[in-house]
Amino acid sequence: MARPGYLLSPWPWRSAGYLLTGALTGALALAGFAVAVAVGGVLAVVLVGLPLLVLTALAGIPVAWVERHRLRLVDLDPAPHQHAQPAAAGLWVWLTTRLREQSTWRELGYGLLFSALLWPVDALAFTVALLLPCSMVLTPLLLATAGDGQETKVLKQWTVTSWPTAFGVAVLGLVVLCGCAYVLGAAAGARAELTRLLIAPRDGDLGEKVVELNRSRVRLVDAFEAERRRIERDLHDGAQQRLVALTMTLGLARLDVPPGPLADQLARAHDEAGRALAELRELIHGIHPKVLADYGLEAAVADAADRSPVPVDVDLDLPGRLPESVEAAAYFVVCEALANVARHSGASRAEVSGGHRDGRLRLRVCDDGRGGADFTAGTGLTGLADRVSVLDGRLSLSSPPGGPTLLRVEIPCEPCEPTERSV
C-alpha cells in the first residue's frame, strides 16, 4: 500500500473481492450452522440428531478450507492446514483423529466467529469503502436516467438538481474512491491477518519446518553412520586383507632368501608392511570399531578403557542395545574424553560410569587430573557437543583448575530390539 502505483495495481480490487466473498461466504456459513444446530437439536430427542451434532463440530473444517483459499486474494504466502494425517484409512479413524485435534476446534471457533461477527464487518467495509463512493461517481448517470435531468439524490441525503453539481459530486466521488482504496486494503489486510492467526498461523508452519528439520538431521546422522560402517567394512574386508597377504608373502620370501642386501631389503619391506597394517587397523578402529557394531556400547567402552594409557574404571548399566547413532555418538565422546585425559590432564586414574534411566542415556567421564579443560582449547569437545546436540542430547563439562574434571553426556533414546537394528 505504500508504493506509488498501489491505486493502479490490482490490489484494491483484490481487497474488494476478498471482502465481498467474505460477506457472501459468512452468510452461507451462518445459514448452515443455524440449520445444522436446529435440526440436530430437534432430532437429538430421538438420538437421530446426535451424529448431526457431531458433524456440526466438524463444520469448521470446510469453512477453514474456503478461508485458506480466499486468503490467496490478498496474501500470497501459503496457508497450509494444521491437520495430521490419520494413522490408517477409514471414516472412523479419520473422525476420531479430527475430533482429537486442537486445530479442529480452533477452526470451529473461527467458523462461529466468522458466521456471527466477521462477515457483517466485511459487508460494512465493502459497502462504505466501495459502494458509497461509486454511487457518488455515478451521480451524472443517475441524474440523466432516474432523475430525467431534473434532480436526483446523492447517498439518499443530498439533492442534486444541476449538471455542474452532478459532475462536481462525481469528481469528489473519484477522490473519495481513491482514499477508500486504501481503506479497502487496510480492512482486507487486517481481516486476512486475523484469519491466518486463527486457522493458519505462521508459527505453526514454522513448527512443522523445525520438526522436519530435526527429522532430516537425524536421517543425515543415520546415513553418516551407515557410510562409516560401509567404509570400515570395505577397509576391513579389502585393503586390510591384501596387506595381510602382502605381509605373509614378504615373510615367506625372507625365509627363502640367503643373508645379503636382498634379504635386508625384504626385511625393511616386511617391517613397513607390518607398520602399514597396524596403522590401517587403527584407522579402521577409529572409523567404526567392530566391537561396537557387534557387541554394543558396554563392550566398546570396555575395549577403549583397556587401550587407554591411563587406568580406567568402567561402570555401565545398560538395558541392551541402543540406536546405532546413539551408540556411535556416546562411544566417540568417551574415546575423545579418554584421549584428552591421557594427553592433557596428568591424571593417574579415570572412570566411565552411567546407564539408561528415564528415557535418557547418561554417561559420566571423570579423572583426578589437574583440570582446567576448556571447550575452546582445541580438545575436540566442541565437535563432540555438536554431534550430541544433533541427537537432541546435551554435553556439559566441569573442570576447575586443580581438578577434578567431569564430563557429562545425556542423550534421549530408548532401547531397541535386535530386529529393529537389523532393518
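**Figure 1. The buried residues of helix α4 and the elements around them.** The cover over the buried residues of α4 includes α3 (60–70) and α5, in a model that is predicted. The residues of α4 that count as buried are Leu95, Thr96, Thr97 and Arg98. Glu101 follows in the loop that lies between α4 (91–100) and α5 (102–137), and with a relative accessible area of 10%, which falls under the 20% cut-off, Glu101 is therefore classed as buried. When neighbours within four places in sequence are left aside, Glu101 is in contact with His83 and Ala84. The first of these two partners, His83, is 18 residues apart from Glu101 along the chain, and the C-alpha atoms of the pair are separated by 7.3 Å.

**Figure 2. The surroundings of Thr195 in helix α7.** Thr195 has its place in helix α7, where its relative accessible area is 0% and the residue is buried. Leaving aside neighbours within four places in sequence, the contacts of Thr195 are with Tyr18, Glu67, Leu71, Tyr110 and Ala200. A further residue to show in this view is Phe114, which is 81 residues apart from Thr195 in sequence, while the C-alpha atoms of the two are 9.2 Å apart in space.

**Figure 3. The largest pocket and its lining.** The volume of the largest pocket is about 410 Å³, and its lining is made up of 17 residues, among which Met1, Tyr6, Trp11, Val74 and Asp75 lie nearest the centre. Two elements, α1 (11–43) and α7 (163–199), give two or more residues each to this lining. The largest share comes from α7, which contributes 5 residues. By residue class, the lining of the largest pocket divides into 7 nonpolar, 5 polar and 5 charged residues.

**Figure 4. The largest nonpolar core.** This core has 37 residues, and those with the most contacts inside it are Leu297, Leu338, Val352 and Leu361. At least two residues of the core are supplied by each of the helices α11 (297–307), α12 (324–345) and α13 (381–390), and likewise by each of the strands β3 (312–317), β4 (350–357), β5 (360–367) and β7 (405–412). Helix α12 gives the most to this core, with 11 residues. Another core, of 24 residues, lies apart from it and includes Tyr18, Phe114, Leu118 and Phe126.

**Figure 5. Leu338 and Ala304 within their contacts.** Once neighbours within four places in sequence are left aside, Leu338 is in contact with Ala304, Ala305, Val312, Ala350, Val352 and Val365. One of these partners, Ala304, is found in helix α11 and has a relative accessibility of 6%, which lies under the 20% limit, so that Ala304 counts as buried. Viewed from Ala304, and not counting residues up to four places away in sequence, the residues touched are Tyr331, Cys335 and Leu338. The C-alpha atoms of Ala304 and Phe332, two residues that are 28 residues apart along the chain, are separated by 9.8 Å.

**Figure 6. Two aspartates with positive phi in loops.** Asp358 is placed in the loop between β4 and β5, and its phi is near 55°, a positive value in a residue other than glycine. With a relative accessibility of 73%, which is over the 50% limit, Asp358 is therefore counted as exposed. Asp392 is placed in the loop between α13 and β6 (394–398), and its phi, near 65°, is again a positive value in a residue other than glycine. The relative accessible area of Asp392 is 47%, a value between the limits of 20% and 50%, so Asp392 is partly exposed.

**Figure 7. The chain as context for the close-up views.** The chain has 14 helices and 7 strands, and of its 423 residues, 38% count as buried. Among the contacts in the chain with a separation of 6 or more, 69% are accounted for by residues 24 or more positions apart. The accessible surface of the chain comes to about 23,700 Å², and carbon and sulfur atoms hold 65% of that area.

Methods
Residues are numbered from 1 along each chain as its sequence is written. This is a predicted model: local features need pLDDT of at least 70, side-chain atom pairs count only at pLDDT 80 or more; totals for chains, interfaces and linings use all residues. Side-chain values use heavy atoms; hydrogens and water are left out. Helices (H or I, at least four residues) and strands (E, at least two) are DSSP runs, numbered from the N terminus. Buried means under 20% relative accessible area, exposed over 50%, partly exposed in between (1.4 Å probe, protein chains only). Contact means heavy atoms within 4.5 Å. Accessible areas come from the Shrake-Rupley method with a 1.4 Å probe; for residues, only the protein chains shown count as cover. On a 1 Å grid over the protein atoms alone, a cavity is a set of points where a 1.4 Å probe fits but cannot get out, and a pocket is an open set with protein on both sides within 12 Å along at least five of seven lines; lining residues have an atom within 4 Å of a point. Grid points are joined across faces, edges and corners, and a volume is the space filled by probe spheres set on the points. Ala, Val, Leu, Ile, Met, Phe, Trp, Tyr, Cys and Pro count as nonpolar, Asp, Glu, Lys and Arg as charged, and the others, Gly among them, as polar. A nonpolar core is a set of buried Ala, Val, Leu, Ile, Met, Phe, Trp, Tyr and Cys residues joined through side-chain atoms within 4.5 Å.
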